Amino acid sequence: MTDQTRWGIDQVQVKNKAVKYQKDLVKSAMEHVVKMDESGITDLMIQIEAEYERKYGENVAKKYTKTVL
């Protein structure tokens with residue numbers, strides 16, 4: 001077990017909680033996606049792509065599309 005009094009342990013714990021929260025969000029979203037039909041999933045993908053471009057910019061999206069092609 002890690003010594004809880006060491007410097008930086010609280011930052012590690014906060015990071016771990018943030019990662020767990022993100023994974024829980026994905027798991028919850030996937031539970032809903034499984035119930036959707038094809039048109040609903042397609043609409044969701046379009047909205048996710050638009051949000052990704054809004055947050056991270058077009059350059060990041062282009063970088064990923066180049067590696068896929």
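Here's a quick tour of a pocket, a surface patch and some charged pairs in this structure. Keep in mind that the model is predicted. Two helices do most of the talking below: helix 1 covers residues 9-33, and helix 2 covers 38-68.

**The largest pocket**

- Let's start with the empty space: the largest pocket holds about 470 Å³.
- Its lining is made by 14 residues, and those closest to the pocket's centre are Leu-25, Val-26, Ala-29, Leu-44 and Ile-48.
- Which elements give two or more residues to that lining? They are helix 1 and helix 2.
- Helix 2 is the top contributor, giving eight residues to the lining of the largest pocket.
- As for chemistry, 11 of the lining residues are nonpolar, two are charged and one is polar.
- How do you spot a space like this in the first place? You roll a probe the size of a water molecule over the atoms, and that shows where empty space is left.

**A nonpolar patch on the surface**

- Val-26, Met-30 and Val-34 make a nonpolar surface patch of about 300 Å².
- You've met one of these already: Val-26 is also among the residues closest to the centre of the largest pocket.
- Met-30, another member of the patch, is found in helix 1.
- Is Met-30 buried, partly exposed or exposed? Met-30 counts as partly exposed because its relative accessibility is 44%, and that label covers values between 20% and 50%.

**Two salt bridges**

- The count of salt bridges comes to two.
- In one of them, the side chains of Lys-20 and Asp-24 meet, with 2.8 Å from N to O.
- Lys-20 and Asp-24 are four residues apart in helix 1, so about one helical turn separates them.
- Asp-24 is partly exposed, since its relative accessible area is 35%.
- In the other salt bridge, the side chains of Glu-51 and Arg-54 meet, and here the N to O figure is 2.5 Å.
- Where do Glu-51 and Arg-54 lie? Both are in helix 2, three residues apart, which is about one turn of the helix.
- Glu-51 counts as partly exposed because its relative accessibility is 33%.
- Arg-54, on the other hand, has a relative accessible area of 59%, so Arg-54 is classed as exposed, the label for anything over 50%.

Notes: Residues numbered from 1 in each chain as written. Predicted model: local features only at pLDDT ≥ 70, side-chain atom pairs only at ≥ 80, totals over all residues. Heavy atoms only, no water. Patch = residues over 30% accessible without salt bridge, like charges linked within 9 Å, V, L, I, M, F, W, Y side chains within 5 Å. Areas by Shrake-Rupley, 256 points an atom, 1.4 Å probe, with all protein chains shown as cover. Salt bridge = Lys/Arg side-chain N within 4 Å of Asp/Glu carboxyl O. Buried < 20%, exposed > 50% of the residue type's maximum accessible area, 1.4 Å probe, protein only. 1 Å grid on protein atoms, 1.4 Å probe; cavity = no way out; pocket = protein on both sides within 12 Å on 5 of 7 lines; lining within 4 Å. Points joined across faces, edges and corners; volume = space filled by probe spheres on them. Nonpolar A, V, L, I, M, F, W, Y, C, P; charged D, E, K, R; others polar.
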